[in-house]
Every structure is written in structure tokens, then in C-alpha cells.
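Biologist: Please take one part of this model and go through it closely, in plain words for a first-year student. After that, set the part in the whole chain.

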Amino acid sequence: MDWSSSLSGLAGGILIGLSATWLMATLGRIAGISGIIGNLITVRPRGDSAWRLTFLLGLISGPLLLMLLGGGLGNVAGTGIDVTGRVIGAPAGGVALMLVAGLLVGVGTGLGSGCTSGHGVCGLARLSPRSMVATLTFLVAAIITVYVVRHLIGGGA
């Protein structure tokens, strides 16, 4: 077991929980990324954009700062054969497939009235029945997708 990765994951989970709690306690807002970005782009409520921009800048600057401090890309493998034991490899489907997948995720968050961060982190913490159903749906869809891609289509790792 790689304790370094486990401790990094634990620290990241604690920070996500603390930031979601802080956002709810101070602004009464849910830390759902699709809602934060969606309302920033489409609605732009007066006086509501500053915290949304700050939150998004934190999401981007945190990993960049970690990389600048020598943390690397974490558990992400580079191109070619990975001999370091890293789990996550480079995208196999190419940019076009990634764009289509991203658009489908956007459509799904619209249909599901939120994303995994909103439902899975914040909704479950509030014991929201709707979030419990949404999170279960996300997990089942992910399991089915992995099975289809790895075993029926023959792609993936």
C-alpha cells in the first residue's frame, strides 16, 4: 500500500469537506461545481460572481501550486509504458472523444440538477433523498460504463 497516495487522498478529502462546509456556513451556498460554473456563465447574478470566480480559481490554482512545489501530477501516468506503478494513464480516446464526453457530462448535470460534488459531497452530508438517488445513479452509470468499455468494447486499461 502506498501511504503517500493514501495520505494525499485523505488530505484532499478533508480539504474538500472543509471547503464545502465553509461555503455553506459563510454564504449558505452548496459547493456544486456545475451550479457554480453554470450560474457564473449563464445567470451572472449581481454581487454573486466574486465568490464563484474565487472558488474556481482555487480549484485551478491548488493543483498548479502543488506542481510548482514539486508535487508533480500525482498519480497520473505519462505517455508510453508506465513503470512507476501509477494508476491513471493518459487519455486513450483522444481530444474529440474527451470533448464529447465533457458535453455529455454537462448535459447529465443539467438533467440531474447537479453534479457529483453537489449531490455526492454536499447533498449526502445534508441527508438529501434526491442527492442519495442521484449519487447512486452516478455510481451505477459509472460501473456500467467501465464494464461496457473494458469487457464488451475491449478498450481501457
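Modeller: Helix 5 and helix 6 are oblique to each other, because their axes cross at roughly 130 degrees. For such angles, under 35 degrees counts as roughly parallel, over 145 as roughly antiparallel, 65 to 115 as roughly perpendicular, and the rest as oblique. Helix 5 covers residues 116-125 and helix 6 covers residues 129-153, and their axes come within 9 Å. An axis here is a line fitted to C-alpha atoms over the stretch in contact, and the angle, from 0 to 180 degrees, is taken between N-to-C directions. A helix is a DSSP run (H or I) of at least four residues, a strand is a run of E of at least two, and both are numbered from the N terminus.

This is a predicted model, in which local features need pLDDT of at least 70 and side-chain atom pairs count only at pLDDT 80 or more, while totals for chains, interfaces and linings use all residues. Residues are numbered from 1 along each chain as its sequence is written, and side-chain values use heavy atoms, with hydrogens and water left out.

The crossing of helix 5 and helix 6 is left-handed, a term for a near helix turned anticlockwise from the far one by less than a right angle (clockwise would be right-handed). On the side of helix 5, the contact (heavy atoms within 4.5 Å) is made by Thr-116, His-119, Gly-120, Gly-123 and Leu-124. On the side of helix 6, Arg-130, Ser-131, Met-132, Ala-134, Thr-135 and Phe-138 take part. By class, the residues of this contact are four nonpolar, six polar and one charged. Ala, Val, Leu, Ile, Met, Phe, Trp, Tyr, Cys and Pro count as nonpolar, Asp, Glu, Lys and Arg as charged, and the others, Gly among them, as polar.

Two residues of this contact, His-119 and Gly-123, are also buried, as are Ser-117, Gly-118 and Cys-122 of helix 5. Buried means under 20% relative accessible area, exposed over 50%, and partly exposed in between (1.4 Å probe, protein chains only). Met-132 belongs to helix 6 and is partly exposed, with a relative accessible area of 38%. The C-alpha atoms of Met-132 and His-119 are 7.3 Å apart, with their positions 13 residues apart along the chain. Setting aside residues up to four places away in sequence, Met-132 touches Leu-124 and Leu-127.

Leu-127 leads to the loop between helix 5 and helix 6, where it has its place. Leu-127 is exposed at 62% relative accessible area. Its phi is positive, about 60 degrees, although Leu-127 is not a glycine. Arg-126 lies in the same loop, between helix 5 and helix 6. Arg-126 is partly exposed, with a relative accessible area of 47%. Beyond residues up to four places away in sequence, Arg-126 touches Met-24 and Ile-30.

Another arginine, Arg-52, sits in helix 3 (residues 49-71). Arg-52 counts as buried, at 4% relative accessibility. Apart from neighbours within four places in sequence, Arg-52 is in contact with Arg-29, Gly-35, Ile-36, Asn-39 and Leu-40.

Gly-38 is part of helix 2 (residues 33-43) and is partly exposed at 25% relative accessibility. Gly-38 and Gly-110 are 72 residues apart in sequence, and their C-alpha atoms are 9.3 Å apart in space.

Now the whole chain. The protein chain has six helices and zero strands, in the order α-α-α-α-α-α along the sequence. Of its 157 residues, 15% count as buried. Its accessible surface, from the Shrake-Rupley method with a 1.4 Å probe and, for residues, only the protein chains shown as cover, comes to about 11400 Å², of which 73% belongs to carbon and sulfur atoms. Among contacts between residues at least 6 apart in sequence, 30% join residues at least 24 apart.
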